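Please look through the sequence and the model shown below before reading on. The report that follows takes up contacts, cores, charged pairs and the backbone in turn.

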Amino acid sequence: MSCAISYYLLFVFPGCRLLAVELTSSNTKPVVQEFQSVELSCIIKSTVTPDPRIEWKKIRNGETSYVFFGNKMQGDFATRAEILSRTSLVIKNTTRMDTATYRCEVAAPSDTKTIDEINIQLTVQVKPMTPRCSVPKAVPVGKSASLHCHENEGFPKSTYSWYRNSEPLSADSKSKPHNSSYTLNPTTGTLVFHAVHKGDTGRYSCIATNEAGFAKCEEQEMEVYDLNIGGIIGGVLVVLAVLVLITFGICCAYRRGYFANGKESGESYKTPAKPDGVNYIRTDDEGDFRHKSSFVI
């Protein structure tokens with residue numbers, strides 16, 4: 001039987017040579033750290049077309065863009081990528097934005113099956129940045145305290161561990177000291193003391209870690225102090241005594257007239273005396289007061 005058969009019968013008859021382009025890869029899920037180089041493997045396993053057309057596409061967040069098209073690199077890949085061994089793609093100085101699915105497409109017009117493609121999932125890992133740590137400076141004995149640690153640059157997402165005086169604090173309840181009462185969440189980086197005691201005083205630091213590396217924040221001091229109940233009561237009593245003395249002094253001042261009104265009341269007002277030798281009379285014609293002098297002989 002002739003091997004010159006249609007596309008639909010290619011896989012029916014063993015022994016016939018399949019004239020179909022076929023791709024393979026040595027690694028379909030490469031992982032690289034940011035700023036390093038990576039090879040996206042795309043290998044033509046079989047073809048009879050002497051010069052097949054090669055294309056690379058990038059698929060990120062549902063959007064597709066060209067990486068290699070028309071025998072040349074596209075966009076920002078023009079200065080930091082190249083084709084290796086005819087079909088593989090090498091990306092230099094990778095960034096976090098290169099994390100995506102890359103599709104290698106080969107068109108071989110001389111083959112019965114003229115097109116094949118393969119997807120490569122690239123992951124660019126990013127080291128954590130120095131985490132932001134929040135530690136209370138002073139907490140009274142028996143009170144709760146929350147310590148926070150977070151960074152949002154690392155990829156994959158970081159996990160967090162806390163240290164007191166350079167000694168790790170375990171998230172496992174079985175490994176905690178008997179006198180400690182805290183909860184540590186490695187995912188959120190939150191360390192909560194439910195009721196601090198004097199032994200919790202110390203220098204606290206946090207480390208953010210992922211597959212690409214780790215970063216540490218500076219140590220911060222947390223002091224746990226005793227509440228001076230006697231001193232607080234004494235202070236309250238002193239304040240009350242001062243208020244009583246002030247009130248007593250004001251009352252005494254009122255009684256002694258220190259706060260009396262300086263204005264004279266209406267009852268104490270006296271009509272000014274008439275000047276000697278002047279009598280005021282009213283006449284019907286004048287309609288006003290006039291005065292006349294009188295002489296006493």
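## Contacts and nonpolar cores

Leaving aside residues up to four places away in sequence, Ile91 touches Gln36, Ser37, Val38, Leu40, Phe77, Arg80, Ala81, Asp98, Tyr102 and Leu122. This is a predicted model, and every value given here is to be read in that light. Ile91 also belongs to the largest nonpolar core, which has 25 residues, and it is listed with Leu40, Trp56, Leu89, Tyr102 and Leu122 as the members that touch the most others. At least two residues of this core come from each of the strands β3, β5 (53-60), β6 (63-69), β9 (88-91), β10 (100-107) and β11 (115-125). Apart from it there is a second, separate core of 20 residues, and among its members are Leu169, Tyr204, Ala208 and Val224.

## Charged pairs

The count of salt bridges comes to 11, and three of them are set out here.

| Salt bridge | N to O distance |
|---|---|
| Arg53 and Glu55 | 3.2 Å |
| Asp98 and Arg80 | 2.8 Å |
| Glu117 and Arg103 | 3.9 Å |

The pair of Asp98 and Arg80 links distant parts of the chain, 18 residues apart, with Asp98 in the loop between β9 and β10 and Arg80 in the loop between β7 (72-73) and β8 (81-84). Asp98 counts as buried because its relative accessibility is 1%, and Arg80 is buried as well, with a relative accessible area of 12%. Both of these residues are also among the contacts of Ile91. The pair of Glu117 and Arg103 likewise links distant parts of the chain, 14 residues apart, with Glu117 in strand β11 and Arg103 in strand β10. Here Glu117 is partly exposed at a relative accessible area of 41%, and Arg103 counts as partly exposed at 22% relative accessibility. Elsewhere, salt bridges that share partners join Glu34, Arg96 and Glu153 into one network. In the pair of Arg53 and Glu55, Glu55 counts as buried, at 9% relative accessibility.

## Backbone details

Most residues other than glycine have a negative phi, and most peptide bonds are trans. Phe35, which is not a glycine, has a positive phi of about 80°; it lies in the loop between β2 (31-33) and β3 (38-40), and at 56% relative accessibility it counts as exposed. Asn165 also has a positive phi, near 55°, and is placed in the loop between β15 and β16 (167-168), where it is partly exposed with a relative accessible area of 32%. A cis peptide bond, with omega about 0°, joins Phe155 and Pro156, and Pro156 is in the loop between β14 (145-150) and β15 (159-164).

Conventions: Residues numbered from 1 in each chain as written. Predicted model: local features only at pLDDT ≥ 70, side-chain atom pairs only at ≥ 80, totals over all residues. Heavy atoms only, no water. Helix = DSSP H or I, 4+ residues; strand = E, 2+ residues; numbered from the N terminus. Buried < 20%, exposed > 50% of the residue type's maximum accessible area, 1.4 Å probe, protein only. Core = buried A, V, L, I, M, F, W, Y, C linked by side-chain atoms within 4.5 Å. Contact = heavy atoms within 4.5 Å. Salt bridge = Lys/Arg side-chain N within 4 Å of Asp/Glu carboxyl O.
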